[in-house]
Amino acid sequence: MNSIATPAWRLTADCIWNSFRASGKRHLILTGRRNAGKTTLLAKLLSAMPAEGPVPGLTSWAAPGCGVFLRENPTGRTVQVGRFAPDLPEGEPRMRPVSEAFRSFGVSALRRCRQAPGEWVAIDEVGFLETDCPPYCAALRDLMEQKRLLVVVRKQPLPFLQELCHRRDAFCLDLDAPFGRVGCVIMASGLGKRFGGNKLMAEFSGAPLIQRTLDATAGVFARRIAVTRHRDVAELCRRQNVPVLLHSQPCRSDTVRLGLSALLAPDQRWRAPTDGPLTGCLFCPGDQPLLRWQTVAGLTLAAVAEPDAVWRAAWQGRAGAPVLFPAWAFPALQSLPQGQGGGAVIRQFPERVRCLPVQEARELVDVDTPQQLKALCAELKCE
């Protein structure tokens, strides 16, 4: 499908940590609607964190019809910080803050976190009750200057919560829309001269080679299109409801231009809601059969966190494809010199390139000859 159909639960802790580390940000913030899985994901991230001993921090939870409680981790000391208020309108949070609990216990707990060993503190969650206590907010800001925070922030239009999510030093993962408004062009126009024919339909592990790319890019992008010269590739895409552009233009620059222009044009094929322009576009080769979904998702997460950078997959510092370009590069990509690809833009702006490490080198390997395909199948023990 073209629309974003894959929920955020498919994201692994390793994928998120990889994107976070590549971003160079200081804090990792999880936000989203109620029941989006923020607390569950926080636990997974903590379990995947290379840390010595328990990570200090705070945990809050609600007892329906009673109140909200705040626990200091790992001591277990707990206080009530919110009281159920039945007189408040239904449909609204029916809790009133216990401001004194935040001012005394909450502020002191944050200060103890600041003095604890280790660089990380975990807080689940910061919500509307906390915003009613300026000393607690100030203590949290101070903690963020001293420690690195892994924190859940409730998604509400309140100034302090918005401030946290929009900090320049924070990698903010919105579980309602983790991949933002990014497009994808699947580059499937190669003639396969060294292969002796259309390699994209050659069998690999029981399916056409290009199927791996279709799977690796599924459920991530606001808009996705395959650009190809091959009718059999086009038919395969159509059967899977992947928008496709069939063309006869000769150059790589044509594939880039045609694909990006199609993504940017109003078109009934885009089933996802149009809630804004594309902020970037990933150009993904159709002949990298071991490219992982988590790598594609990780590039997109990184681009949402740092939208002005060009993001490339890389192995041990050696950059390759896919490449994700931000919106400022769109005009240059649509007017590439004949025969050139996105590398022409990268060479103009090397200081804007960021790399996301892949799990293993062969993710970036493309298939150019039947011998390479056979060797790869042998290595993977394909049927």
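How many residues does helix α9 have, and how far does the helix reach from its first C-alpha to its last? I would like to begin with that question, and the answer is that α9, which covers residues 293-305, has 13 residues and reaches 19 Å, close to the 18 Å expected at 1.5 Å a residue. Before going further I should say that what we are looking at is a predicted model, and that every value I mention is computed from it.

Let me stay with α9 for a moment. Of its 13 residues, 12 are buried, so the helix is largely enclosed by the rest of the structure. Among these buried residues are Trp293 and Gln294, then Val296, Leu299 and Leu301, and finally Ala305.

Now let us step back to the whole chain. The chain has 12 helices and 17 strands, and its C-alpha atoms fill a box of roughly 75 × 45 × 40 Å, taken along the principal axes. Of the 383 residues in the chain, buried residues make up 52%. If we take the contacts between residues at least 6 apart in sequence, we find that 70% of them join residues at least 24 apart. As for the surface, the chain exposes about 17900 Å², and carbon and sulfur atoms supply 51% of that area. The chain also carries 48 positive and 35 negative charges, and the mean positions of these two groups are 2 Å apart.

The next helix I would like to show is α4, residues 134-146, which has 13 residues and reaches 19 Å from its first C-alpha to its last, close to the 18 Å expected at 1.5 Å a residue. The buried residues here are Tyr136, Cys137, Ala139, Leu140, Leu143 and Met144. Why do we say that they line one face of the helix? Seen down the axis of α4, the buried residues fall within an arc of 160 degrees, so they line one face. On the face turned away from that buried side, α4 carries the exposed residues Pro134 and Glu145. If you ask what covers the buried residues, the answer includes strands β1 (27-32), β2 (57-63), β6 (120-126) and β7 (148-154), and it also includes helices α3 (99-115) and α5 (159-165).

Let me turn to the backbone, where a general point helps. Most residues other than glycine have a negative phi, and most peptide bonds are trans. With that in mind, please find the peptide bond from Asn73 to Pro74, which is cis, with omega near 0 degrees; Pro74 has its place in the loop between β3 (67-73) and β4 (78-84). A cis peptide bond also joins Asp124 and Glu125, where omega is about 0 degrees, and in that case Glu125 is found in strand β6.

There are two positive phi values to look at as well. Asn35, in the loop between β1 and α2 (38-47), has a phi near 65 degrees, a positive value in a residue other than glycine. With 77% relative accessibility, Asn35 counts as exposed. Asn241 lies in the loop between α7 (231-239) and β13 (244-246), and its phi is near 60 degrees, again positive in a residue other than glycine. At 37% relative accessibility, Asn241 counts as partly exposed.

I will finish with three residues for which we can set distance along the chain beside distance in space. Ala63 is found in strand β2, and although Ala63 and Phe84 are 21 residues apart in sequence, their C-alpha atoms are 9.0 Å apart in space. Leaving aside neighbours within four places in sequence, Ala63 is in contact with Phe69 and Met95.

Met49 sits in the loop between α2 and β2, and at 9% relative accessibility Met49 counts as buried. Which residues is Met49 in contact with, if we leave aside its neighbours within four places in sequence? They are Trp17, Val55, Trp120 and Leu150. This residue also leads us back to the helix we started from, since Leu299 is one of the buried residues of α9, and the C-alpha atoms of Met49 and Leu299, 250 residues apart along the chain, are separated by 20 Å.

Lastly, Ala361 has its place in the loop between β17 (353-357) and α12 (370-380), and it is partly exposed, with a relative accessible area of 34%. Ala361 and Ala314 are 47 residues apart in sequence, while their C-alpha atoms are 8.3 Å apart in space.

Methods: Residues numbered from 1 in each chain as written. Predicted model: local features only at pLDDT ≥ 70, side-chain atom pairs only at ≥ 80, totals over all residues. Heavy atoms only, no water. Helix = DSSP H or I, 4+ residues; strand = E, 2+ residues; numbered from the N terminus. Buried < 20%, exposed > 50% of the residue type's maximum accessible area, 1.4 Å probe, protein only. Contact = heavy atoms within 4.5 Å. Areas by Shrake-Rupley, 256 points an atom, 1.4 Å probe, with all protein chains shown as cover. Lys, Arg positive; Asp, Glu negative; His and termini not counted. Charge placed at Lys NZ, Arg CZ, Asp CG, Glu CD. Expected span 1.5 Å × (residues − 1). Arc of directions from axis to C-beta.
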